[in-house]
Amino acid sequence: MSDTYKPRRLYQVWRGSNKFFCGGRLIFGPDVASLFLSIFLIAGPSLAFCIKVYWRIHHDALHFSNWYPILALGVGLALLDLMFLLLTSGGDPGIVPRNLTPPETDEMLDSNTPSMEWVSGRTPHLRLPRTKDVVVNGHIVKVKYCDTCLLYRPLRASHCSICNNCVQKFDHHCPWVGQCIGIRNYRFFFMFISTSTILCMYVLVMSCVIISIDADKYGTAWRALEHDFISDFLIVYCFISVWFVGGLTCFHSYLICTNQTTYENFRYRYDKKDNPFSKGVLANIEEAFFTRLPPSQNHFRSFVPDMDTGFAGSATPNIGGDLAAPKEKIDIEMGVKGGEESSYSLPEILRNLDYDGLEDGIKFGDVDGKTAFDFLFSDDEGKGSVRQSVAESDTKSVRQSTAGSESDAAPRNMNASRRASSSPRAPSSADQ
């Protein structure tokens, strides 16, 4: 190890697409910029409402002198909403640590199912099934092999293409929080959207109450709307927003009661067939909110060995060569050239094969007066097929050579006759 080597932490060589802050203590998705938009959409209207109520308390004490609890509740809901947003976005959602090498088990090596495909270019004998069957409450559930993380995904886990990680109990990737929603932050996500719904409804109702109070002052509600533009904006904004976050809250309430994830609901349609993970409504609610969160499987601030830092530049580790795609087929006839053109290296065992010698060894014919035959046939079948193929090939060659000689002799005879007719004829004895 060189003197200039400095140990690096896991978050510094992380192969996913996540972004880390505060020395790896906070982990976000690659679209973390959308988090600031969400904060603005929550804090902006909430701040406008609180300023409006505070101004009314000090300038219209006759009607709003007792609105301090309403102001405090509005501030509390806004802070609570922002807190759940940050808890959802800034933590580990349940990332499954990826492997550096593909799994090797005896049952995988002995299996010959049609779904088997090559995983590593250096070890063509290693074949891994694309799926494995796992029994859950009497139901067979298939778990898939992840080519990026080099592992069989745990139950209910899926690979997020945005964060480039496998996430336990993957629900979806939320662009509003800039993070995947998984087993470790789902309850915070639900509290975030439900608190947002309550906050929107609260601001909407209180803004309407302010307009109704002003209507007594100005005579009609329309005139009150003309004089209070902040309340007008809050009413329209909260009315539109409550349909979005409210609908999302109702949908996830249904998913919690049935113990589904968004991914499972759209992919497997458990509402039309039995759900192997459902335990009943009360047990499902208890599992979602009152069970202990599993600890993170990744220690982002831990130091990693120097050998692991070599994989920091790529999302998929390079294990002794390029990893072939799941459906990539290696063409043996193309050799190394074909592997270079397709950016996939041909296995070493296939490069060293003597294809010319292999072809010469299986040709039919006589070698040094002895009959050679294909090793794929038995002795009797091989000898009979060899004699027949040799006889047929000799007959064809004789016919081709005879036809060729006859076709070549015809032009030669014609040319000879032309030269004889054109040359001067020698005088004979009769002429003399």
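**Exercise 1. The ring cluster**
Task: In this predicted model, which residues do ring pairs link into a cluster with Trp14?

Solution: Follow the ring pairs around Trp14, and you pick up Tyr11, Phe20 and Phe300 as fellow members of the cluster. For context, searching the whole structure turns up 16 aromatic pairs.

**Exercise 2. One pair up close**
Task: Which geometry do Tyr145 and Tyr152 adopt as an aromatic pair?

Solution: Start with the general idea: two numbers describe a ring pair, the distance of the centres and the angle of the planes. For Tyr145 and Tyr152, the centres are 5.1 Å apart and the planes meet at 65°. Pairing needs centres within 6.5 Å, and planes over 60 degrees apart count as edge-to-face. So the Tyr145–Tyr152 pair is edge-to-face.

Task: Is Tyr145 buried or exposed, and is Tyr152 buried or exposed?

Solution: The cut-off for buried is under 20% relative accessible area. Tyr145 has 3%, so it's buried. Tyr152 comes in at 16%, so that residue counts as buried too.

**Exercise 3. Charges over rings**
Task: Which charged end sits over the ring of Tyr152, and which one sits over the ring of Phe277?

Solution: Take Tyr152 again: the charged end of Lys132 sits over its ring, 4.9 Å from the centre. Over at Phe277, the charged end belongs to Arg156, at 4.3 Å from the ring centre.

**Exercise 4. Annotated spans**
Task: Where does UniProt place "transmembrane region"?

Solution: The unreviewed UniProt entry gives residues 35–55, 67–88, 188–213 and 233–257. Now check two of them against the model. Residues 35–55 are 100% helix, with end C-alpha atoms 30 Å apart. Residues 188–213 are also 100% helix, and their end C-alpha atoms lie 37 Å apart.

Notes: Residues are numbered from 1 along each chain as its sequence is written. This is a predicted model: local features need pLDDT of at least 70, side-chain atom pairs count only at pLDDT 80 or more; totals for chains, interfaces and linings use all residues. Side-chain values use heavy atoms; hydrogens and water are left out. Rings of Phe, Tyr and Trp (its six-membered ring) pair if their centres lie within 6.5 Å; planes under 30 degrees apart count as stacked, over 60 as edge-to-face and the rest as tilted. Buried means under 20% relative accessible area, exposed over 50%, partly exposed in between (1.4 Å probe, protein chains only). A charge sits over a ring if NZ of Lys or CZ of Arg is within 6 Å of the ring centre and within 35 degrees of the ring normal. UniProt positions are given in the numbering used here, feature names are shortened, and annotations may be inferred rather than shown by experiment. Helices (H or I, at least four residues) and strands (E, at least two) are DSSP runs, numbered from the N terminus.
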